[in-house]
Amino acid sequence: SVDLGTAGNFAILSKAGISTVPTSAITGNIGVSPIAAEAITGFTLIQDDTDRSRSTSVQVTGFAFAANYASPTPSTMTTAIGDMERAYT
């Protein structure tokens, strides 16, 4: 088996962006890094004013994370992307 490390916490993890159509249903977290949340398109992300480290979407059962969100998300995303790259090389 492949050890995904912290990348295993994401259903979708991307360095380039994530897009969808309105009828998508994703179970699990989604995340992008090193790019910003604007690279997650079509999800109508809603960021809570009290927790700026993640967003929600009616299309995602889980949370959306991006490198430009509040701490500790940038560090978490850098680690997850690194783990993803190590798992697939």
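What pattern does the protein chain follow when read along the sequence? In this predicted model, the pattern is β-β-β-β-β-β-β-β-α. The chain holds 8 strands and 1 helix. Its radius of gyration is 12 Å, close to the 12 Å that the globule rule gives for 89 residues, so the chain is as compact as a globular protein of that length. Taken along the principal axes, the box filled by the C-alpha atoms is roughly 35 × 30 × 20 Å.

Some totals for the chain come next. Of the 89 residues, 37% are buried. Among contacts with a separation of 6 or more, 46% are between residues 24 or more positions apart. The accessible surface comes to about 5100 Å², and carbon and sulfur atoms account for 55% of that area. The chain carries 4 positive and 7 negative charges, and the mean positions of the two sets are 3 Å apart.

The interior can be read through its nonpolar cores. In soluble globular proteins, nonpolar side chains tend to be buried together. The largest nonpolar core here has 11 residues, including Ile18, Ile26, Ile30, Val32, Ile40, Phe43 and Val60. Ala37, Ala64, Ala66 and Tyr69 also belong to this core. Two elements, strand S4 (29-32) and strand S8 (60-66), each give two or more residues to it. S8 gives the most, with 3 residues. A second, separate core has 8 residues, among them Ala7, Phe10, Ala80 and Ile81.

Two members of the largest core, Ala37 and Tyr69, can be followed through their contacts. Ala37 lies in the loop between S4 and S5. Is Ala37 buried or exposed? With a relative accessibility of 10%, Ala37 counts as buried, because the cut-off for that class is under 20%. Beyond residues up to four places away in sequence, Ala37 touches Leu45, Ala66, Asn68 and Tyr69. The C-alpha atoms of Ala37 and Leu4 are separated by 23 Å, and the two residues are 33 residues apart along the chain. Tyr69, with neighbours within four places in sequence left aside, is in contact with Ala37, Leu45, Gln47, Arg52 and Ser53, as well as with Arg54, Ser55, Ala64 and Pro74.

Leu45 appears in the contact lists of both Ala37 and Tyr69. This residue is found in the loop between S5 and S6. Leu45 has a relative accessible area of 25% and is therefore partly exposed. Apart from neighbours within four places in sequence, the contacts of Leu45 are Ala37, Ile40, Ser55, Thr56, Ser57, Ala64 and Tyr69. The C-alpha atoms of Leu45 and Asp83 are 25 Å apart, with their positions 38 residues apart along the chain.

The backbone has some less common geometry. Most residues other than glycine have a negative phi, and most peptide bonds are trans. Which form does the peptide bond from Ser33 to Pro34 take? That bond is cis, with omega near 10°, and Pro34 sits in the loop between S4 and strand S5 (40-41). The peptide bond from Ser71 to Pro72 is also cis, with omega near 15°; Pro72 is placed in the loop between S8 and H1. Thr44, a residue other than glycine, has a positive phi, near 50°. Thr44 is in the loop between S5 and strand S6 (46-47). Its relative accessibility is 64%, so Thr44 counts as exposed.

The last stop is the helix and the segment before the strands. Helix H1 spans residues 73-87, and Thr73 is found in it. At 3% relative accessibility, Thr73 counts as buried. Not counting residues up to four places away in sequence, Thr73 touches Ser53, Phe65 and Ala66. Gly5 lies in the segment before strand S1 (10-14). With a relative accessibility of 41%, Gly5 counts as partly exposed. Where Gly5 and Thr79 are concerned, 74 residues apart along the chain, the C-alpha atoms are separated by 8.9 Å.

Notes. Residues numbered from 1 in each chain as written. Predicted model: local features only at pLDDT ≥ 70, side-chain atom pairs only at ≥ 80, totals over all residues. Heavy atoms only, no water. Helix = DSSP H or I, 4+ residues; strand = E, 2+ residues; numbered from the N terminus. Buried < 20%, exposed > 50% of the residue type's maximum accessible area, 1.4 Å probe, protein only. Contact = heavy atoms within 4.5 Å. Rg over C-alpha atoms; globule rule 2.2 N^0.38 Å. Areas by Shrake-Rupley, 256 points an atom, 1.4 Å probe, with all protein chains shown as cover. Lys, Arg positive; Asp, Glu negative; His and termini not counted. Charge placed at Lys NZ, Arg CZ, Asp CG, Glu CD. Core = buried A, V, L, I, M, F, W, Y, C linked by side-chain atoms within 4.5 Å.
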